[in-house]
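These are my notes on the model, set out as numbered points. They cover strand pairing, charged pairs, aromatic rings and one buried acid.

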Amino acid sequence: MAGNSQRRGRSSGAGKKTASAGTGGKNRRSLVGRGATPPAEARHGHPAQRKAQAEVRRRTERDRSRQRAEETPELLLGRNPVVEALRAEIPATALYVVTDAGRSDERITEALTLAADRGLPLLEVGKAEFDRMSNHALHQGIGLQVPPYDYAHPDDLLDLARNSGRAPLIVAMDGVTDPRNLGAVVRSAAAFDAHGVVVPQRRAVGMTASAWRTSAGAAARLRVARAVNLARALASYQDAGLQTVGLAGDGDVDLHDYDGFADPVALVVGAEGTGLSRLVRERCDVVVRIPITRDTESLNVSVAAGIALYAAAAARR
């Protein structure tokens, strides 16, 4: 009886499929092609994926809002800013003045005179209407309407350089967000005979009225181009024979030791605080530094650009 029972036990177990060790209860065929577990952000329906998608949507909407804002006229407000902008002869389409806005104020009087000399329309509006037009910002009863800036293409700057008879000198700005820094760099670039300035289309400031004003009229003489992808624009400049020279506090070569400024150059400066982005830095043929005292952490981007542009101009004499 015992032998029969043992045979029955072996017989009943012989046709039963058991799980292989290490399969987690599943057979080998069901595990084929699964691969490594994807990160949480890539798993459908995972909270981390929803959070990542929401951040992408927010970033996209911010970029679209900034682009829409740059495609519409800008209203420059305040007595001093308006007068300074008119003195710098920045492009404008109209001057708005609030009724009884203190015509005895010498700044408003000067603004009216400068606008009339340029043939700009002088539009008188009520205070309530102008409050609405300015989104209730402080306007001091006056505003200058500035049209969207007409950007050049990065390749246009190469054409300007070829026609100038001088070796190309172009400034590329990587992610600079302060319009005053952009305006100051444009001013220095014009002062030291650069052929233009390139800014990225995204995550960087454009030629706002504040940038125009800071350039002190230089933006009327120097073209500013906008690149969809700054790293690709630099690659295009390299293909055209320019050496891309990055500027960073941790650069490999001291500025006074670099001897290539007499040749075709694209000078690349980084954003406030963060400096050159990884992709842009990788696109630089050389990264130079400006020696400073240890007590000073870093230089303002427009100051650093001005020093490097002076070195380039001195090498070209």
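1. Two strands count as paired if DSSP finds at least two bridges between them. The model is a predicted one, and on that criterion seven strands form an open sheet with parallel pairing, in the order β7-β6-β5-β10-β8-β11-β9. The edge positions are taken by β7 (224–227) and β9, each with a single partner strand, so one side of each has no neighbour in the sheet.

2. Within this sheet, strand β8 (residues 243–247) is joined to strand β10 (residues 265–269) by five bridges, and the two run parallel. Leucine 247 has valine 269 of β10 as its bridge partner.

3. Another set of pairings involves strand β2 (residues 94–98). With strand β4 (residues 142–146), β2 runs antiparallel over four bridges; here tyrosine 96 stands opposite glycine 143. With strand β3 (residues 122–125), β2 pairs in the parallel sense, again over four bridges, and tyrosine 96 stands opposite leucine 123.

4. Strand β2 is mostly covered, five of its five residues being buried. In a regular strand, side chains alternate between the two faces of the sheet. For β2 both faces are covered: one side carries Ala94, Tyr96 and Val98, the other Leu95 and Val97, and all are buried.

5. The structure holds ten salt bridges. One of them is between the side chains of glutamate 84 and arginine 213, at 3.4 Å from N to O. Glutamate 84 belongs to helix α4 (residues 79–87) and arginine 213 to helix α9 (residues 209–214), so this pair ties together parts 129 residues apart in sequence. Glutamate 84 is partly exposed at 37% relative accessibility, and arginine 213 is partly exposed at 22%.

6. A local example is lysine 127 with aspartate 131, whose closest N and O atoms are 3.0 Å apart in a salt bridge. Both residues lie in helix α6 (residues 127–133), four residues apart, or about one turn of the helix. How is the pair placed with respect to solvent accessibility? Lysine 127 is exposed, at 53% relative accessibility, whereas aspartate 131 is buried, at 15%.

7. Aspartate 254 and arginine 289 form a salt bridge through their side chains, at 2.7 Å from N to O. This pair links distant parts of the chain, with aspartate 254 in strand β9 (residues 253–254) and arginine 289 in strand β11 (residues 286–289), 35 residues apart. Aspartate 254 has a relative accessibility of 17% and, with the cut-off for buried set at under 20%, counts as buried. Arginine 289 is partly exposed, at 27%. Elsewhere, salt bridges that share partners join Arg79, Asp105 and Arg107 into one network.

8. There are five aromatic pairs in the structure. Phenylalanine 192 and tyrosine 310 have ring centres 5.9 Å apart and planes at 70°; an angle over 60 degrees counts as edge-to-face, so the pair is edge-to-face. Phenylalanine 192 sits in the loop between α8 (179–191) and β6 (196–200), and tyrosine 310 in helix α12 (residues 301–315), so parts 118 residues apart in sequence are tied together. Both rings are partly exposed: phenylalanine 192 at 24% relative accessibility and tyrosine 310 at 46%.

9. Ring pairs also link Tyr149, Tyr151 and Trp212 into a cluster. A charged residue joins the picture at tyrosine 151: arginine 226 lies over the face of that ring, 4.2 Å from the ring centre.

10. Which side chain of opposite charge is nearest to aspartate 174, and how far away is it? Aspartate 174 is located in the loop between β5 (169–173) and α8. The nearest such side chain is that of arginine 281, 9.5 Å away; aspartate 174 is buried yet has no salt bridge. Leaving aside neighbours within four places in sequence, the contacts of aspartate 174 are Pro200, Leu230, Val269, Gly270, Ala271, Gly275, Leu276, Ser277 and Val280. Of these contacts, Val269 is also the bridge partner of leucine 247 noted in point 2.

How values were computed
Residues numbered from 1 in each chain as written. Predicted model: local features only at pLDDT ≥ 70, side-chain atom pairs only at ≥ 80, totals over all residues. Heavy atoms only, no water. Buried < 20%, exposed > 50% of the residue type's maximum accessible area, 1.4 Å probe, protein only. Salt bridge = Lys/Arg side-chain N within 4 Å of Asp/Glu carboxyl O. Phe/Tyr/Trp six-rings, centres within 6.5 Å; stacked < 30°, edge-to-face > 60°. Lys NZ or Arg CZ within 6 Å of the ring centre and 35° of its normal. Lys, Arg positive; Asp, Glu negative; His and termini not counted. Contact = heavy atoms within 4.5 Å.
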